[in-house]
Amino acid sequence: MTDQPILKRREAKSTVAVRVRNVSKSYPGVRALRGVDFELATGEVHGLVGANGAGKSTLIRMLAGAAIPDTGEIEIEGAPIAFDDPRMRRGAGIAAIYQELTIIPEMSALSNVFLGVVPSRFGMTDRRAMRRRFDELSRWMGLSIVPDTRAGTLSVANQQMLEIMRAVQADQKVLIMDEPTAPLGPFERTRLYELIARLKQNGVSIIFISHDLDEVLRLCDRVSVMRDGQRIDTRRAAGWDKASLVQAMLGDVEVLPGRRRAPAAAAEILGVQGLTVPGVVSDIAFSLAAGEVLGIAGLVGAGRTETLRAIAGDDPASSGRMTLDGRPVAWPRSVREAIGHGIMLAPEDRKRLGLVLSRPALVNLVLADLGAVSRFGVVDRGKRRAAATALSERLGFNPGRLDADALELSGGNQQKLVLGKWLHRGPRILLLDEPTRGIDLGAKQEIFRTIRRLSDDGMAVILVSSDLEEVVEHADRVLVMARGRQIGEFAGPEASVERILNLIFAVEDRAVAVGVPA
Amino acid sequence: MSNIESVATSPPASGQAWRERMPGLIRVYGIVLTLVLLLAVVAIGNPAFLSERNVLNMLSQWAPAGIMAVGMTFVILTGGFDLSVASGYSLCAVVAAYVGQDWPPLAAFGAAIAVGLACGLANGLLVAVVRINPFITTVGSGFIIAGVALVMTENAVFMVENPDFGILGTGRWHGIPYSGMLLILFLVVFGWLLARTPYGETIYAVGGNYEASRLSGIRVRAVVASTYVLLGGCVGLAGSITASQLNSAQADLDPGIIFDVLTVVVVGGTSLSGGVGAMWRTAVGLGIIATISNGFVLLDISPYYQSIIKGSIIVAALALDTGRTRLVRSAR
């Protein structure tokens with residue numbers, strides 16, 4: 001098959017596809033972007049890197065018309081976007097592929113591709129034209145998706161391909177990809193790289209966001225680094241290396257060096273055998289020593305969160321056997337029982353599950369331990385403030401913000417509150433589910449510093465994070481999960497991101513080969 | 001301790017210009033301003049408004065609705081709702097009058113409060129444990145309770161001959177009505193309970209974020225159920241006061257009182273989505289609604305306009321509340 005002009009050969013109106021000028025944007029409690037200038041040349045693949053919370057997402061949401069800048073302007077091929085006209089924004093020729101896909105699972109692959117732009121003849125849906133175009137595009141992209149399949153039954157990789165196909169079919173000039181490779185296996189990644197190269201040949205300009213710096217350096221023509229809502233630097237890919245990228249991303253934040261300790265000789269605090277959540281997790285077993293940090297690694301859907309919830313008593317359907325200090329105890333059936341055992345969970349979604357956003361930081365900090373700051377059934381305000389101030393110091397939380405509603409705080413500060421809520425209670429075993437999601441590097445370091453101090457004091461910690469490097473860096477031992485099962489374990493020095501991924505994808509690929517649904 | 005991000009994200013609170021803080025302050029205290037303006041308008045229009053007699057009469061007149069609004073504040077703060085209040089109020093009044101015919105007044109009022117508590121407990125268990133939507137639950141239980149009152153009375157009026165029965169509703173101490181004193185006592189005591197005790201704190205937490213509260217080890221179901229029981233008690237007392245004021249009771253006492261109760265709480269600024277509000281707001285809301293009702297009489301304005309004005313105020317209060325809720329949502 002030759003590369004026939006699937007995409008209309010267009011005369012580039014400008015050598016600059018997108019120009020962002022001095023754009024700023026604030027949300028309550030966060031200045032997400034501060035005077036950002038950014039330029040995407042026509043037909044280039046432009047890498048955008050930065051730590052969580054650096055402002056990448058806000059920038060691309062703005063380009064895609066999902067957010068409106070407070071100040072500044074954005075030009076597409078020299079023409080400014082009128083932000084007060086949603087249709088204008090949609091027609092601007094920019095498509096974004098977010099981490100959360102916008103595929104409608106109940107609809108067919110075909111309908112998903114033509115969502116909102118159904119070709120018609122005499123006012124009737126022209127399904128024949130749709131199919132013809134779908135086949136053309138499939139061939140061009142090297143896909144073999146049956147057009148009538150329900151999109152929800154496709155793999156994540158193929159759903160992503162459908163989204164790209166939707167953009168290509170709508171003849172979008174600019175494609176934004178937000179961590180497109182995160183959920184993909186090695187083979188699917190290669191396929192995506194090839195497609196990106198081909199799109200580029202056809203004059204499509206691409207903004208490529210990824211945490212995998214090797215991949216960014218290999219794939220992109222130029223790379224921009226963002227930090228704290230500002231664009232720090234842009235260079236040709238050859239002008240960067242991994243070290244200089246990391247340096248630019250972090251700024252002068254002191255990075256906590258990882259600690260990989262040999263297996264601890266300390267006594268076992270918690271033993272879990274046969275942990276099962278019907279249909280989700282089966283037969284997990286591990287042992288946890290005092291002062292140990294156990295990481296659980298796995299892809300989305302591996303059952304990590306469910307495992308933590310079961311241990312924390314938050315899943316009545318779960319079962320298993322538990323020992324505390326070597327003595328068998330009843331499997332916790334409620335959060336309160338688990339708390340009674342000294343097991344406490346800082347949940348994944350801090351806004352939905354962790355905090356009462358409408359209440360001040362101060363109140364959130366002592367929420368789980370109101371009895372301790374009360375006397376004769378009355379909250380002792382002095383005692384409460386003293387307790388909260390002491391906690392703030394341990395957490396690196398600015399005590400001047402104690403009276404602010406949790407709502408107004410940044411993600412990092414909110415996460416500190418979630419941790420602090422339990423610290424006051426003094427857990428023996430702390431379960432952390434994605435404690436660093438969406439928070440900036442400075443806060444991340446403070447959180448790990450706190451975790452380390454706690455584990456030094458003998459608290460046992462189970463850490464779940466999608467950021468594998470983080471797990472490898474900070475866990476003494478890593479338990480690897482895939483598809484609800486425990487598939488391996490690495491003791492401290494043996495753990496590496498590569499080894500963990502290889503292990504996971506070995507299981508995933510086998511499952512795909514024998515047709516186990518995801 | 002170094003704190004990198006707080007420097008970047010926290011605006012200096014003290015340095016903030018007044019102009020910037022004004023909208024926030026108005027949202028928080030605007031309701032007080034409204035009350036003051038209303039008081040001024042009515043007082044200037046008719047100086048009799050502020051006379052001792054008028055104020056004390058208003059207190060006594062608004063005691064039943066106000067006491068129920070105290071309980072309703074608790075329920076709404078947890079994100080709940082109770083529409084069965086009007087039927088409960090009638091039933092409790094009927095029970096008080098029924099028992100009061102043959103027994104001492106104290107037994108009569110005690111029985112009414114006990115019935116109120118029982119109705120509240122039933123609502124609380126259905127909402128918190130069985131987890132039926134509070135709106136549906138209390139519409140349903142309201143019908144049942146109204147039905148029980150009708151069956152009891154066979155739609156007759158229960159008259160109480162015993163002169164002592166009127167003490168709770170009409171008795172005064174140095175001219176101050178007992179019922180008004182009870183209203184103020186309830187506002188203060190339960191306001192204090194809400195603002196100063198761990199129990200009050202959990203009410204805000206449960207209403208603000210049910211899941212986060214549960215995961216923090218708070219007994220969320222018990223907290224939610226308890227607010228309905230508390231409201232039930234208030235309804236029992238309110239029914240007793242009215243029965244005592246009238247020396248009688250019937251099954252369809254005042255179905256419209258539910259709107260007064262809800263209006264008082266909502267106008268004060270306690271959010272229907274839960275977690276945001278305060279007892280002082282209910283007190284201010286009560287002041288506003290009472291002033292409007294009384295002002296219409298004193299200023300000799302047609303009562304037909306009263307429902308238009310009241311309705312507009314409710315809608316305005318809800319619009320404010322929605323704006324606030326949207327602000328919270330957009331930040332999530």
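This report describes sheets, helices, nonpolar cores and selected residues of a predicted model.

**Sheet in chain A**

An open sheet in chain A is built from 4 strands in the order β14-β13-β16-β17, with antiparallel pairing. Strands β14 (281-289) and β17 (327-329) of chain A are at its edges; each has a single partner strand, so one side of each is left without a neighbour in the sheet. From one strand to the next the twist averages 15°. Within the sheet, strand β13 (residues 268-277) of chain A runs antiparallel to strand β16 (residues 319-324) of chain A, and 5 bridges join the two. In this pairing A:G271 is opposite A:T323 of β16(A).

Helix α9(A) packs on the sheet and touches β13, β14 and β16 of chain A. The direction of α9(A) makes about 120° with that of β13(A). This helix, residues 304-311 of chain A, is mostly covered, with 6 of its 8 residues buried. The buried residues are A:R304, A:T305, A:T307, A:L308, A:A310 and A:I311. After α9(A) comes A:G313, which has a positive phi, near 80°.

On the edge strand β14 of chain A lies A:A285. Its relative accessible area is 32%, so A:A285 is classed as partly exposed. A:A285 and A:V272 are 13 residues apart along the chain, and their C-alpha atoms are separated by 5.2 Å. Not counting residues up to four places away in sequence, A:A285 touches A:V272, A:Q273, A:G274, A:L479 and A:Q486.

**Strands β1, β4 and β5 of chain A**

Strand β4 (residues 71-76) of chain A pairs with strand β1 (residues 16-27) of chain A in the antiparallel sense, over 5 bridges. A:V18 is opposite A:I76 in β4(A). A second antiparallel pairing, over 2 bridges, links β4(A) to strand β5 (residues 79-80) of chain A. In that pairing A:I76 is opposite A:A79 in β5(A). Strands β4(A) and β5(A) form a hairpin with 2 residues between them, and A:E77 in the turn has a positive phi of about 45°.

**Helix α14 of chain A**

Helix α14 covers residues 411-423 of chain A. At 1.5 Å a residue, its 13 residues should span 18 Å, and the end C-alpha atoms are 18 Å apart, which agrees. Of the 13 residues of α14(A), 13 are buried, so the helix is largely enclosed by the rest of the structure.

**Nonpolar cores**

The largest nonpolar core has 91 residues, and those with the most contacts inside it are B:M68, B:M72 and B:I288. Helix α3 (residues 52-77) of chain B gives the largest share of this core, 15 residues. Apart from this core lies another, of 49 residues, including A:A361, A:L419, A:L423 and A:I504.

Leaving aside neighbours within four places in sequence, B:M68 is in contact with B:V85, B:Y89, B:L231, B:C234, B:V235, B:A238, B:I257 and B:V261. One of these partners, B:C234, counts as buried at 1% relative accessibility.

**Selected residues**

The structure holds 0 disulfides over all chains. B:C92 is in no disulfide, and the nearest cysteine sulfur, that of B:C119, is 5.8 Å away. A disulfide would need the sulfur atoms within 2.5 Å.

B:T137 lies in helix α6 (residues 134-153) of chain B. Its contacts, leaving aside neighbours within four places in sequence, are B:N123, B:L126, B:V127 and B:I132. B:T202 is in helix α9 (residues 198-208) of chain B. Not counting residues up to four places away in sequence, B:T202 touches A:L370, B:I218 and B:V223.

The table lists relative accessible areas for some residues discussed here.

| Residue | Relative accessible area | Class |
|---|---|---|
| B:C92 | 0% | buried |
| B:C234 | 1% | buried |
| B:T137 | 7% | buried |
| B:T202 | 11% | buried |
| A:A285 | 32% | partly exposed |

Key. Residues are numbered from 1 along each chain as its sequence is written. Chains are lettered from A and ligands numbered from 1 in the order in which they are written. This is a predicted model: local features need pLDDT of at least 70, side-chain atom pairs count only at pLDDT 80 or more; totals for chains, interfaces and linings use all residues. Side-chain values use heavy atoms; hydrogens and water are left out. The expected span of a helix is 1.5 Å times one less than its number of residues. Buried means under 20% relative accessible area, exposed over 50%, partly exposed in between (1.4 Å probe, protein chains only). A nonpolar core is a set of buried Ala, Val, Leu, Ile, Met, Phe, Trp, Tyr and Cys residues joined through side-chain atoms within 4.5 Å. Contact means heavy atoms within 4.5 Å. Two strands pair if DSSP finds at least two bridges between them. Axes are lines fitted to C-alpha atoms, for helices over the stretch in contact, and angles run from 0 to 180 degrees between N-to-C directions.
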